[in-house]
Amino acid sequence: MCSNYLVRLNSTPSILLDAPAPWQIGFQDVASPGFEGIVSLHDSIMFYLILILVTKSGIVYKYLNHGTLIELIWTISPALVLIAIAFPSFKLLYTLDEVIDPALTVKVTGHQCYMVPESDLEEGQLRLLDVDNRLMVPVNTHIRFIVTSTDVLHDFAVPSLGIKIDATPGRLNQTSALIERTGVFYGQCSELCGV
Amino acid sequence: MAEAAAEEKPVKRILQTVGFDARFPNTNQTRHCFQSYIDYHKCVNAKGEDFAPCKQFFRAYKSLCPKREAGKFPASLEP
Amino acid sequence: MPVAAITGKLRRKIWTDLGTSLGLGISSAYAYWYFYYIPSVRRKQEFYLKLEKENLERAS
């Protein structure tokens, strides 16, 4: 689980990582269609981002101190790029919001606060990522998560399923996932609890 | 464990939960829980405990509402 | 000794500069696309294909 990220990246059946690895800079491996959409949107945007960043990286305007035309161009074209990014991202956002026909509901409730005694820790362990009672859910099943909290704000997040949703006391938030493969998927509260 | 599972005849289970409700299309499902809870008790008061259609509301609030700490709901109504 | 006015530096070089930077930008974007994105999608698809085949074998 804690093997070197680059080694893992190059081995063929590389879809194993469901917990963060040391020095990881990319996403965790995809396990649900929602997260697949998020990753492919990110990667498509990265194409244009690299194009723009490398293109304007100091070669073109190194002589220019002032120019109205070029100012206009580099103000308007990023605006158009932002609009072009907005459409697919709204489409994805509203698609992810839909919970049409779930087969089971999982209630998630946030609590403060758990501690792991230091004597129980070993180097290379997942520390606070791991839990003593894991939630078991079926694969290839549409699962609804009802997320709430008992005390302060928390945030239920499982990166490889593309879930991240606030846990608010007195409010039930709904999200869903369809897990496409077996695995142990790790996640953590992604809110500064109570802030 | 895998062999034991392979020998046993696979059991077919049907998983079911509340579906999409057009009154609550949003991420916020608080009212969905609330409304199902109210509807169930209205239904029971009007038609009696055994009236089968009330079960639908019962199942809805049972699978949507969070478990409360003791005392917030009457024990008999605990979701 | 008077030096001739320095003019036309921008005009002379702008197309080369534009060309190099656009070329660099487009080629690095495509390099990312074909050497990072497409292989990662292929890896994923191979994995799920393998998974699906295994599931079919187990079912039959």
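How many helices and strands are there in chain A? Select chain A, colour by secondary structure, and count three helices and five strands. Bear in mind as you click around that this is a predicted model.

Now walk along chain A from the N terminus. The order you'll pass through is α-α-α-β-β-β-β-β, so to speak a run of helices and then a run of strands.

Next, pick residues 33–55 of chain A. That's helix H2, with 23 residues. Put a distance between its first and last C-alpha and you should get 33 Å, close to the 33 Å expected at 1.5 Å a residue. While H2(A) is still selected, show side chains for the buried residues: Gly34(A), Phe35(A), Ile38(A), Val39(A), Leu51(A) and Val54(A).

Zoom back out to the whole of chain A, 195 residues in total, and colour by burial: 23% of them are buried. If you have a contact map handy, look at pairs at least 6 apart in sequence; 68% of those contacts in chain A join residues at least 24 apart.

Time for domains. Make one selection for domain 1 (33–97) of chain A and another for domain 2 (104–178). Where the two touch, domain 1 of chain A puts in four residues and domain 2 of chain A puts in five. On the domain 1 side, those residues split into three nonpolar, one polar and no charged.

Last stop: bring chain C into view alongside chain A. Their contact takes 17 residues from chain A and 20 residues from chain C. Colour the chain A side by residue type and you'll find twelve nonpolar, two polar and three charged.

Conventions. Residues are numbered from 1 along each chain as its sequence is written. Chains are lettered from A and ligands numbered from 1 in the order in which they are written. This is a predicted model: local features need pLDDT of at least 70, side-chain atom pairs count only at pLDDT 80 or more; totals for chains, interfaces and linings use all residues. Two residues are in contact if their C-beta atoms, placed from the backbone, lie within 7 Å. Ala, Val, Leu, Ile, Met, Phe, Trp, Tyr, Cys and Pro count as nonpolar, Asp, Glu, Lys and Arg as charged, and the others, Gly among them, as polar. Domain bounds come from an automatic or database domain assignment. Helices (H or I, at least four residues) and strands (E, at least two) are DSSP runs, numbered from the N terminus. A residue is buried if 20 or more other C-beta atoms lie within 10 Å of its own, exposed if 12 or fewer, and partly exposed in between; C-beta atoms are placed from the backbone. The expected span of a helix is 1.5 Å times one less than its number of residues.
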